[in-house]
Amino acid sequence: MPLIEIRDISVSYGTPLRPVLEGISLDIDEGEFVCVLGQTGCGKSTLLRLVLGSEPPARGRILVDGIQHHQPDRTRGYVPQKYALFPDKTVLDNIAFGLEVCEFSLAGRLTPRFYRRRREFRREAFEYLRRIGLGESDARKYPDQLSGGMQQRVALAQALITRPRILLMDEAFSALDPGTRLGMQRLIRELWKSTGATILFVTHNTHEALSLGTRAIVLARETAGSGSRVMLDLAVPEPCREEEIPRLVRRLESVSTFSDPEPASALSEKW
């Protein structure tokens with residue numbers, strides 16, 4: 001059984017309703033690194049929110065391990081484009097926060113057990129701090145004292161510390177400078193291999209998708225008034241040789257608009 005089953009999903013927004021996603025069906029196996037590509041407004045972020053469980057589809061259903069989820073939980077970690085860090089918490093407290101809210105209610109945080117567990121959470125947060133390449137001196141800093149790349153590392157640790165089976169990343173590296181972005185790409189590949197998590201990674205960057213993913217999915221509209229469909233589902237060679245990337249980039253970009261799409265049935269390929 002696939003870890004994630006997406007069955008005939010459709011979503012529309014606005015008044016009058018405008019279709020965003022239309023008839024999306026996908027199977028994603030455990031341990032895959034799936035990159036989702038497409039033009040702005042094609043529904044990439046919407047697809048991530050549906051898998052997260054933060055909004056329902058208008059039609060169809062999504063199953064995780066055979067179960068339909070109607071709200072986010074610790075099985076799915078989420079890293080947004082804008083760092084979702086608490087400005088009034090230190091780096092260490094930001095990382096440990098997910099463990100605290102997963103185990104304790106607001107009332108539960110007034111008990112002696114919470115304070116004992118909190119010390120354990122902070123020790124675990126220190127371990128994740130080291131894994132993302134930050135030092136002990138960074139633990140006491142606040143988000144506004146960190147660079148953009150450092151903040152994104154903290155957001156990644158914040159998502160990973162609850163050990164989600166699925167990690168959802170929504171253009172998480174797009175605001176970073178090229179050097180920092182390259183470092184983050186290396187880091188997420190290392191963490192993916194060491195944790196075994198299943199990753200859905202939204203990006204506009206085709207080269208990034210081919211460098212990171214085991215699979216690249218392109219969403220695009222067949223006509224200007226339709227919702228996006230899966231126009232290409234490409235298994236990326238592992239490892240993807242540098243000389244292969246230009247050809248694969250052209251293949252991905254050839255189906256990213258609705259201007260002259262090829263039939264979706266002709267575009268599901270194994271390389």
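**Briefing: aromatic cluster, nonpolar cores and secondary structure**

One aromatic cluster is formed by Phe33, Phe173, Trp192 and Phe201. The model described here is a predicted one, and the points below take up this cluster, the nonpolar cores, helices H2 and H4, the hairpin of strands E9 and E10, and two charges that sit over rings.

**Aromatic residues**

- The number of aromatic pairs comes to 4.
- In one of these pairs, the ring centres of Phe33 and Phe201 are 6.0 Å apart and the ring planes stand at 50°, so the pair is classed as tilted, given that planes under 30 degrees apart would count as stacked and planes over 60 as edge-to-face.
- This pair joins distant parts of the chain, since Phe33 belongs to strand E3 (residues 33-37) and Phe201 to strand E8 (residues 198-202), with the two positions 168 residues apart in the sense that they are 168 residues apart.
- Phe33 has a relative accessibility of 0% and therefore counts as buried, and Phe201, also at 0% relative accessibility, counts as buried too.

**Nonpolar cores**

- The largest nonpolar core is made up of 53 residues, and within it the residues with the most contacts are Ile95, Leu156, Leu167, Met169 and Ile188.
- Helix H4 (residues 148-160) is the element that gives the most to this core, contributing 6 residues.
- Another core, of 27 residues, lies apart from the largest one and includes Val36, Leu47, Ile166 and Val230.

**Leu156 in helix H4**

- Leu156 is located in helix H4, and because its relative accessibility is 1%, Leu156 counts as buried.
- When neighbours within four places in sequence are left aside, the contacts of Leu156 are Val79, Leu167, Met169, Met184, Leu187, Ile188 and Leu191.
- Leu156 and Glu124 are separated by 32 residues in sequence, and their C-alpha atoms are 14 Å apart in space.

**Helix H2 and its surroundings**

- Helix H2 (residues 91-103) has a kink of about 40°, and this kink is centred on Phe97.
- Of the 13 residues of H2, 10 are buried, so the helix is largely enclosed by the rest of the structure.
- The buried residues of H2 are Val91, Leu92, Asp93, Asn94, Ile95, Ala96, Phe97, Gly98, Leu99 and Glu100, a list that holds Asp93 and Glu100 as well as Ile95 and Phe97.
- Helix H3 (112-131) and helix H4 are among the elements that cover the buried residues of H2.
- Ile95, once its neighbours within four places in sequence are left aside, is in contact with Ala125, Tyr128, Leu129, Val154, Ala157, Gln158 and Ile161.

**The hairpin of E9 and E10**

- Strand E9 (residues 215-221) pairs with strand E10 in the antiparallel sense, over 7 bridges, and the two strands form a hairpin with 6 residues between them.
- Within this pairing, Leu219 has Val230 of E10 as its bridge partner, and Val230 is also one of the residues of the 27-residue core.
- Strand E10 (residues 228-235) is mostly covered, with 7 of its 8 residues buried.
- As background, the side chains of a regular strand alternate between the two faces of the sheet.

**Charges over rings**

- The charged end of Arg131 is placed over the ring of Tyr128, at 5.1 Å from the ring centre, and Tyr128 is also one of the contacts of Ile95.
- The charged end of Lys89 is placed over the ring of Phe86, at 5.9 Å from the ring centre.

How values were computed. Residues numbered from 1 in each chain as written. Predicted model: local features only at pLDDT ≥ 70, side-chain atom pairs only at ≥ 80, totals over all residues. Heavy atoms only, no water. Buried < 20%, exposed > 50% of the residue type's maximum accessible area, 1.4 Å probe, protein only. Helix = DSSP H or I, 4+ residues; strand = E, 2+ residues; numbered from the N terminus. Pairing = 2+ DSSP bridges. Core = buried A, V, L, I, M, F, W, Y, C linked by side-chain atoms within 4.5 Å. Contact = heavy atoms within 4.5 Å. Bend = angle between axes of the 7 residues up to and from the residue. Phe/Tyr/Trp six-rings, centres within 6.5 Å; stacked < 30°, edge-to-face > 60°. Lys NZ or Arg CZ within 6 Å of the ring centre and 35° of its normal.
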